[in-house]
Amino acid sequence: MTVRLAMWSGPRNISTAMMRAWENRPDSEVFDEPFYAAYLHRTGIDHPAREEVIASQPTDPAEVARALLAPTDAAVSYSKQMTHHYLDGDDLTWAREVRHVLLVRDPAEVVASYVRSREACRPEDIGLLQQLTLSDLLGSPPVIDAADFLRDPEAYLRWLCDWLGIDFTDRMLSWPAGPRDSDGVWAPHWYDAVVASTGFTAYRPREVQLSDHDAAVAEACRPAYEALRERALRP
């Protein structure tokens, strides 16, 4: 049977590098932000390459869910899920057939990275508030803090593989540089660092300077981050 894993993250995390790790397994398929077009279509929010994104994916969440659960020859089906693509009241029936993990990052670091690509930033843009909601709806799945993960990627990946009942392979620790056919059409706007990467970058503390507005956004999300971090894995 196919093992299906959804990794739920806000933007500007290590989510795309994590997707690279799973895609580099010889037995896996990946889905890159499958609900992105549906999110843009339903909210009207303007993102880079908005029309290209909408044209590239189904805009009906039910159609996306069917694709995520469709029969596949892959032993592992991995989806990179953005928590802000979840809208209040969305049907999560499909999620019962999928294992879930939450990937979190300090909100000040997220906001600092986010505003380098977009001028405006609101608390709901960085996904932590939705992540806390999803934690309850998905039955309190495991939580991984990106900073902890980058200190020892192999330990965390081994834990995840054991939890899923699949073999770990060191192919998850490094990959060839370059784009992938599975990358969303938005990749040129967001994926420069990952496209150039060949593995996970070692963790280093970051000093961030935020405007008053952006600092307020980060602080509005901090209680959600701290609540999730209390449950973070320590393999």
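This passage describes a sheet, its strand β1 and a pair of packed helices in a predicted model.

The sheet is open and holds 5 strands. Their order is β2-β3-β1-β4-β5, and the pairing is parallel. Strands of a sheet pair through backbone hydrogen bonds, either parallel or antiparallel. The edges are taken by β2 (28-32) and β5 (143-145). Each edge strand has a single partner strand, so one side of each lacks a neighbour in the sheet. From one strand to the next, the twist averages 20°. Helix α6 (residues 128-137) packs on this sheet. Helix α6 touches β1 and β4, and its direction makes about 150° with that of β4.

Strand β1 spans residues 3-9. In the strand order, β1 stands between β3 and β4. With strand β3 (residues 76-82), β1 runs parallel, and 7 bridges join the two. Here Trp 8 of β1 stands opposite Gln 81 in β3. With strand β4 (residues 99-104), β1 pairs over 5 bridges, again in the parallel sense. In this pairing, Ser 9 stands opposite Leu 103 in β4.

Strand β1 is also mostly covered, with 7 of its 7 residues buried. In a regular strand the side chains alternate between the two faces of the sheet. In β1, Val 3, Leu 5, Met 7 and Ser 9 point one way. Arg 4, Ala 6 and Trp 8 point the other way. The residues of both sets are all buried.

The helix pair comes next. Two packed helices are described by the angle between their axes and the distance between the axes. Helix α5 covers residues 107-114, and helix α11 covers residues 212-229. Their axes come within 8 Å and cross at roughly 140°. The two helices are therefore oblique to each other. Angles over 145 degrees would count as roughly antiparallel. The crossing of α5 and α11 is right-handed.

Which residues of α5 and α11 meet? From α5 come Pro 107, Ala 108 and Val 111. From α11 come Asp 214, Val 217, Ala 218, Cys 221, Arg 222 and Tyr 225. The residues of this contact divide into 7 nonpolar and 2 charged, with no polar ones.

Conventions. Residues are numbered from 1 along each chain as its sequence is written. This is a predicted model: local features need pLDDT of at least 70, side-chain atom pairs count only at pLDDT 80 or more; totals for chains, interfaces and linings use all residues. Side-chain values use heavy atoms; hydrogens and water are left out. Axes are lines fitted to C-alpha atoms, for helices over the stretch in contact, and angles run from 0 to 180 degrees between N-to-C directions. Helices (H or I, at least four residues) and strands (E, at least two) are DSSP runs, numbered from the N terminus. Angles under 35 degrees count as roughly parallel, over 145 as roughly antiparallel, 65 to 115 as roughly perpendicular and the rest as oblique. A crossing is left-handed if the near helix is turned anticlockwise from the far one by less than a right angle, and right-handed if clockwise. Contact means heavy atoms within 4.5 Å. Ala, Val, Leu, Ile, Met, Phe, Trp, Tyr, Cys and Pro count as nonpolar, Asp, Glu, Lys and Arg as charged, and the others, Gly among them, as polar. Buried means under 20% relative accessible area, exposed over 50%, partly exposed in between (1.4 Å probe, protein chains only). Two strands pair if DSSP finds at least two bridges between them.
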